[in-house]
Amino acid sequence: MGRARLASQRHRVRIAALQILFEVDETDHAIDQVLERRLTDEPMSQESAEFLRRLVFGAWEHRSYLDRIIEEAAPNWPVAQMPGVDKAVLRIALFELLIDDVERTPIKAVINEAVELAKQFGSDNSSRFVNGVLGTVVTRYLADRDDSVEE
């Protein structure tokens, strides 16, 4: 599979993850049911489905840790008052950057994807906010990570 096609598949998976996490965070719907419904409605390759599961369950299971990181990086924006899209985008990106040791997606690719999702689904200020939070987190936690491999 070509690099552009893989990146496009990954983008679709991140959109699905954003929508699932947003729904689960805003409602009392069960995360596994929302995820399975999404996979039924939007069939994807086995590899993409595994990536989606890892992003969704990883970001959700680690949300209290990720939310603390967000609040440290953006102390004027309590996570509880943050728009749901921004919160979901940041949780996904931070999961990829700080926790997911399977993919090891390059920092620049994670940030670019998060900013793109924030532009596509968030408010006018979302992309700048997401970029700022992720930039702060990278400086604080990942400044020494070697990212010579591109997605």
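Arg10, Glu47, Arg54, Asp100 and Glu103 are joined in a network of salt bridges (a salt bridge being a side-chain nitrogen of Lys or Arg within 4 Å of a carboxyl oxygen of Asp or Glu). Keep in mind that this is a predicted model, where local features need pLDDT of at least 70, side-chain atom pairs count only at pLDDT 80 or more, and totals for chains, interfaces and linings use all residues. Residues are numbered from 1 along each chain as its sequence is written, and side-chain values use heavy atoms, with hydrogens and water left out.

## The salt bridges

Searching the whole structure turns up 13 salt bridges. Three of them are set out here.

| Pair | N to O distance | Relative accessible area |
|---|---|---|
| Arginine 10 and glutamate 103 | 2.6 Å | arginine 10: 7%; glutamate 103: 27% |
| Glutamate 36 and arginine 53 | 3.3 Å | glutamate 36: 37%; arginine 53: 28% |
| Aspartate 100 and arginine 54 | 3.2 Å | aspartate 100: 6%; arginine 54: 21% |

Take the salt bridge between arginine 10 and glutamate 103 to begin with. Arginine 10 sits in helix 1 (residues 3–26) and glutamate 103 in the loop between helix 5 and helix 6 (107–121), so this pair ties together parts that are 93 residues apart in sequence. (Helices here are DSSP runs of H or I with at least four residues, numbered from the N terminus.) Arginine 10 is buried, while glutamate 103 counts as partly exposed; buried means under 20% relative accessible area, exposed over 50%, and partly exposed in between, with a 1.4 Å probe and protein chains only.

The loop between helix 5 and helix 6 also supplies aspartate 100, whose side chain meets arginine 54 in a salt bridge. Arginine 54 belongs to helix 3, so the two tie together parts that are 46 residues apart in sequence. Aspartate 100 is buried, and arginine 54 is partly exposed.

Then there's glutamate 36, which forms a salt bridge with arginine 53. That pair links distant parts of the chain, with glutamate 36 in helix 2 (residues 31–41) and arginine 53 in helix 3 (residues 46–61), 17 residues apart. Glutamate 36 is partly exposed, and arginine 53 is partly exposed too.

## Helix 5 and what packs on it

Helix 5 covers residues 84–99, 16 in total, and runs 21 Å from its first C-alpha to its last, close to the 22 Å expected at 1.5 Å a residue (the expected span is 1.5 Å times one less than the number of residues). How much of helix 5 is buried? Mostly covered is the verdict, with 14 of its 16 residues buried.

Two packed helices are described by the angle between their axes and the distance between the axes. Axes are lines fitted to C-alpha atoms, for helices over the stretch in contact, and angles run from 0 to 180 degrees between N-to-C directions.

The axes of helix 3 and helix 5 come within 9 Å and cross at roughly 105°. That makes helix 3 roughly perpendicular to helix 5; angles under 35 degrees count as roughly parallel, over 145 as roughly antiparallel, 65 to 115 as roughly perpendicular and the rest as oblique. On the helix 3 side, the contact (heavy atoms within 4.5 Å) uses Phe51, Arg54, Leu55, Gly58, Ala59 and Trp60, and on the helix 5 side Arg91, Ile92, Phe95 and Glu96. Sorted by class, the contact of helix 3 with helix 5 has six nonpolar, one polar and three charged residues. For these classes, Ala, Val, Leu, Ile, Met, Phe, Trp, Tyr, Cys and Pro are nonpolar, Asp, Glu, Lys and Arg are charged, and the others, Gly among them, are polar.

Helix 4 (residues 63–73) meets helix 5 as well: their axes come within 10 Å and cross at roughly 100°. Helix 4 and helix 5 are therefore roughly perpendicular to each other. Among the residues in this contact are Tyr65 and Ile69 of helix 4 and Leu94 and Leu98 of helix 5. The contact of helix 4 with helix 5 has nine nonpolar, no polar and three charged residues.

## Helix 4, helix 7 and alanine 74

Helix 4 also packs with helix 7 (residues 126–141) at an angle of about 100°, the axes being 9 Å apart. Here Ile69, Glu72 and Ala73 in helix 4 meet Val133, Thr136, Val137, Arg140 and Tyr141 in helix 7.

Where is alanine 74? Alanine 74 lies in the loop between helix 4 and helix 5, and at 8% relative accessibility it counts as buried. Leaving aside neighbours within four places in sequence, alanine 74 is in contact with Phe129 and Val133. Alanine 74 and valine 133 are 59 residues apart in sequence and 6.3 Å apart in space, C-alpha to C-alpha.
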